[in-house]
Amino acid sequence: MSAITDIKERLDSYLRIVKEKVLGVNNERLEFVMDSFYKLEPGYRNGLLALIIGFVTAFIVAAFVIYFYQVEALKTELNDTFNALNKLKILSFEDTREGARFDKLINKVKSRTRSVTFKPFFERLARQSKIPLKSISDRQPEMDPENPLSSRMQEVHVDLKLAKVSIPRLLNFLVDIEKANHYLRVQNLKITGQYGNKLYFDVDILVRGYKVTR
């Protein structure tokens, strides 16, 4: 209780000091202002009263304007916040949906390519098509880091060189590659004619494939 009493006494002391500073000792300044006001001529007195009333009215109006402005600003900020939250929910939903589609694609590619070893696959396909396979090599080109697939998959290029191939057998061979259901696509094809032989050709083929890395 003594602490509360002490605080109350200090507060009363501060209020008394402020009162004396503003109104003067024993309200001297207030009495002086009132005496000065009543000593004015009626016309000046009425003008001063009108000025004070106008000032007070303007202050009240300004206070209401500022208040309603702040309320409208707060409503606008709240609306913007709710709109941002709704957009965030929509983006989160779309991100989840696209993530599921991405994982589904990765799993599909993985299931169709994990059992494929490129060199034996093409050698077997060439034997089945009775095509002389001169050489085969594969390489892994650098993928664009901006491509989301680069984080989970690696593109593989397979270079095939065929010697003395007829056009019908070549067409069958290309169709068999893309029908193998291993996500293999013929990306480039170069056919070179043999001198003095119009039935057989030398062929360079670039096949694009994929391997899931993780």
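## Exercises on side-chain pairs and exposure

Glu72 has a relative accessibility of 44%, so this residue counts as partly exposed. The model is predicted, and the exercises below refer to it.

**Exercise 1.** Find the residue with which Glu72 forms a salt bridge, and state how the two are placed in helix H3.

Solution.
- Step 1. The partner of Glu72 is Lys75, and the closest N and O atoms are 3.7 Å apart. The cut-off for a salt bridge is 4 Å, so this pair qualifies.
- Step 2. Both residues belong to helix H3, with a spacing of 3 residues, or about one turn of the helix.
- Step 3. Lys75 is partly exposed, because its relative accessibility is 43%.

**Exercise 2.** Determine how many salt bridges a search of the whole structure finds, and work out which strands are tied together by Arg139 with Asp159 and by Asp204 with Lys161.

Solution.
- Step 1. The search of the whole structure gives 3 salt bridges.
- Step 2. In the salt bridge of Arg139 with Asp159, the closest N and O atoms are 2.9 Å apart. Arg139 is in strand S1 and Asp159 in strand S2, so the bridge ties together parts 20 residues apart in sequence.
- Step 3. Arg139 is partly exposed at 39% relative accessible area, and Asp159 is partly exposed at 24%.
- Step 4. Asp204 and Lys161 form a salt bridge with an N to O distance of 3.3 Å. Asp204 lies in strand S4 (residues 197–212) and Lys161 in strand S2, so this pair ties together parts 43 residues apart in sequence.
- Step 5. Asp204, at 29% relative accessibility, counts as partly exposed; Lys161, at 40%, is also partly exposed.

**Exercise 3.** Classify the geometry of the aromatic pair Phe121 and Phe122, and decide whether these residues are buried or exposed.

Solution.
- Step 1. A search of the whole structure finds 1 aromatic pair. The ring centres of Phe121 and Phe122 are 5.1 Å apart and the planes stand at 80 degrees, so the pair is edge-to-face.
- Step 2. Phe121 and Phe122 are both buried.

**Exercise 4.** Describe Lys164 by its phi, its exposure and the ring under its charged end. Then describe Val165 by its exposure and contacts.

Solution.
- Step 1. Lys164 is in strand S2. Its phi is positive, about 55 degrees, although Lys164 is not a glycine.
- Step 2. The relative accessible area of Lys164 is 49%, so the residue is partly exposed.
- Step 3. The ring is that of Tyr200: the charged end of Lys164 sits over it, 5.7 Å from the ring centre.
- Step 4. Val165 is also placed in strand S2 (residues 153–165). With 3% relative accessibility, Val165 counts as buried.
- Step 5. Leaving out residues up to four places away in sequence, Val165 touches Ile131, Pro132, Leu170, Leu199, Tyr200 and Phe201.

**Exercise 5.** Locate Lys130 and state whether it is buried or exposed.

Solution.
- Step 1. Lys130 is in the loop between helix H4 (118–128) and strand S1 (133–139).
- Step 2. Its relative accessibility is 61%, so Lys130 counts as exposed.
- Step 3. The phi of Lys130 is near 55 degrees, a positive value in a residue other than glycine.

**Exercise 6.** List the residues of the nonpolar surface patch that includes Phe64, and place Phe64 in a helix.

Solution.
- Step 1. The patch is formed by Ile52, Phe55, Val56, Phe59, Ile60, Phe64, Tyr67 and Phe68, which together have about 880 Å² of accessible area.
- Step 2. Phe64 lies in helix H3 (residues 42–113). Phe64 counts as partly exposed, because its relative accessibility is 48%.

How values were computed
Residues numbered from 1 in each chain as written. Predicted model: local features only at pLDDT ≥ 70, side-chain atom pairs only at ≥ 80, totals over all residues. Heavy atoms only, no water. Patch = residues over 30% accessible without salt bridge, like charges linked within 9 Å, V, L, I, M, F, W, Y side chains within 5 Å. Areas by Shrake-Rupley, 256 points an atom, 1.4 Å probe, with all protein chains shown as cover. Salt bridge = Lys/Arg side-chain N within 4 Å of Asp/Glu carboxyl O. Helix = DSSP H or I, 4+ residues; strand = E, 2+ residues; numbered from the N terminus. Buried < 20%, exposed > 50% of the residue type's maximum accessible area, 1.4 Å probe, protein only. Contact = heavy atoms within 4.5 Å. Phe/Tyr/Trp six-rings, centres within 6.5 Å; stacked < 30°, edge-to-face > 60°. Lys NZ or Arg CZ within 6 Å of the ring centre and 35° of its normal.
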